[in-house]
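Reader: I'd like to go through this one feature by feature. Could you show me how to read each, general idea before the particular case?

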Amino acid sequence: MSRRRFSNAAVATRLARLADLLEIEGANAFRVRAYRGAAETIEAHPEAIADLLARGGDLTGLKGVGKDLAAAIAALFEGGEIPALREATARVPAGLLDVVRVPGVGPKRTATLWRELGVTSLDDLDRAARAGRVAGLAGFGEKTQAKVLAGVAQVRRHGGRSRLGDAEAALAPLLRSVRAAPGVERVEVAGSLRRGRATVGDVDLLAVAERPAAAMAALREHPDVAEVLGSGDTKTSVRLEGDLQVDLRVVPAASFGAAWQYFTGSKAHNVALRQRAVDRGLRLSEYGLFRGGEGDHPERGERLAGADEEGVYRALGLAWIPPELREDRGEIAAAAEGRLPRLLEASDVRGDLHLHSDWSDGTASIRAMRAACAERGYAYLAITDHSQALRMTGGLDPAKLARQWAEFDEIAAEDAAHPDGGGRPRLLRGLEVDVLKDGRLDLDDEWLARLDLVVVSVHSHLDLPEAQQTERVVRALQHPEVNVLGHPTGRLLGSREGMALDLDAVFEAAAAHGVAVECNASSQRLDLGDVELMRAVAAGCRVVIDTDAHAPAGLDDMRYGVATARRAWLGRAQVVNTWAPDRLLAFLAKDPSTAAG
Ligand SMILES: [Zn+2]
Ligand SMILES: [Zn+2]
């Protein structure tokens, strides 16, 4: 049997799944914990387990990996599967792995639902909860039943979708391999990933290749592929570890642009575009833009465009439309009338105004975070560690804040001693101040007044009723020292819905008080999202795109925030961290000249 090269993530996914299955079965808690612990160790291990095994390394040297676990992992590399996982999969219905993901359920309750009610899928759970049978189970009750129902809907909404950042990371190594395959001229990403959506379904790749078979083989045989769903002359579909599906199509160069346009979508944009073609007596398909042809065969007509996207749009009387705008939200009319916005570019961003250091729950020093910002060519940054209410993060009380400021002073002195002032990004003293349950801030006014920048964020009591939550946030925004509303809805992509909040009231207050609303660019959040950003700007708000990075690598998430802002039609004018330092400082000082018109 051929040895397969599994990535560490692929090994970890399998061990974690095994832990879930065993826990649902009610297996020994130590055994469950052992698998879960090993999954974490392997996921975080810097060397590929495949390499470690290849050089005869001993897996039991890894933290939490005993003899049995080492044998299970070795079996995976030898035979392509973990025997215990195969057996558990045979015993436990696969649908329970969806049930276990429902917020508020977890493995123990999943076991109860299975045993007592025969629930083996999300549909079963939905039916049982609607019939009121879940509330009657020991340890559940009415409240849990309502939570379960909402949770089922949530899992369904996010079902089968990956976060933008996860999809991009999973795709990168595949893209490299396919691009390097012999005879491949070009490979491009299409679909919702190209449009920069916060979550993406399947990933579509399009290629031009002299030898399509080599491109197909490069994808099929990639070590991160868990399953080949289908593979032919011009199309291959695979499923990756972590369930992302990737489709690769090889198309002729003459129709590449039309195919790229078609597979980029969105569906609504394409419907509108096709209608525009029909109105002009033309036909648009993934093969090109045609005049004439017959029935289902437009390609027998005269091809007007197809090799590149610009040509397709041009032949329809349109400027090329950036993919992020292709949602049928007025972009076709704007392109026809020559009034597409000049969208924000990654290179427009001049600083990051929501960053954590090792003074709270970040992993890097202030100096290291600043050096990372300097590498990115930023003109400024704000360190905004947590305030005291978030004790588990090492949040800063006034005494600790004073110590942190001493370090800021040291750094300022170093800069002053430097001939050119250090040439380093300007360092702003900020704090991410918790909004307390009643809307007061987690720091006294005299301290707030001494900060360069105050981000306010809600981290607790996320489940207040809408009216109370709105009042709380609006009260915080009314505080004269507040500059930024951090991750305004509190959503976590794929795992937590946003708070119940009257966003219109929040945006109105933010605009009135000169507070910028954040597009938190962390790929876990993307909060605000594109639609909410459009509403905020329409309400007169300024926007700030922050990564909320807790380590230097987190700064790279900026591109997801930029993509989200582009989807909201934003340019430099609305985004305060694209502004020159003086204008930004005027905004932070609430200078009325910086308010939106
Ligand atoms: Zn936060
Ligand atoms: Zn933060």
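Reader: Let's take the sheet. In what order do the strands sit, and how are they paired?

Author: In general, strands of a sheet pair through backbone hydrogen bonds, either parallel or antiparallel. Here, in this predicted model, 5 strands make an open sheet, ordered S2-S4-S7-S6-S5, with mixed pairing. Strands are DSSP runs of E, at least two residues long, and helices are runs of H or I of at least four, both numbered from the N terminus; two strands pair if DSSP finds at least two bridges between them. Strand S2 (184-189) and strand S5 (225-231) are the edges, each pairing on one side only. From one strand to the next, the twist averages 20°.

Reader: Which strand does S5 pair with, and how many bridges join them?

Author: S5 is joined by 5 bridges to strand S6 (residues 235-240), and the two run antiparallel. Within that pairing, Val225 is opposite Leu240 in S6.

Reader: Which strands does helix H10 touch?

Author: Contact means heavy atoms within 4.5 Å. By that test helix H10 (residues 164-180) packs on the sheet against S2, strand S4 (203-209), S6 and strand S7 (245-250), and its direction makes about 160° with that of S2. Axes are lines fitted to C-alpha atoms, for helices over the stretch in contact, with angles from 0 to 180 degrees between N-to-C directions. Helix H13 (residues 256-264) lies across S2, S4 and S7, at about 175° to S4.

Reader: On to the metal. Which residues coordinate the zinc ion (ligand 2)?

Author: Donors are N, O and S atoms within 2.8 Å of the metal (3.2 Å for Na, K and Ca); water is not among the atoms, so sites may look incomplete. The zinc ion (ligand 2) has His354 (NE2), His356 (NE2), Glu432 (OE) and Asp548 (OD), at 2.1 to 2.2 Å. His354 and His356 are both buried, meaning under 20% relative accessible area (exposed is over 50%, partly exposed in between; 1.4 Å probe, protein chains only). Glu432 also bridges to the zinc ion (ligand 1), 3.4 Å from the zinc ion (ligand 2).

Reader: Why is the arrangement around the zinc ion (ligand 2) called irregular?

Author: Four donors count as tetrahedral if all angles lie between 85 and 135 degrees; four count as square planar and six as octahedral if opposite donors are over 155 degrees apart and all others between 65 and 115; anything else is irregular. Around the zinc ion (ligand 2), the 4 donor atoms subtend angles of 83 to 169°, so the arrangement is irregular.

Reader: Any ground rules for numbering and cut-offs?

Author: Residues are numbered from 1 along each chain as its sequence is written, and chains are lettered from A and ligands numbered from 1 in the order in which they are written. Local features need pLDDT of at least 70, side-chain atom pairs count only at pLDDT 80 or more, and totals for chains, interfaces and linings use all residues, while side-chain values use heavy atoms, leaving out hydrogens and water.
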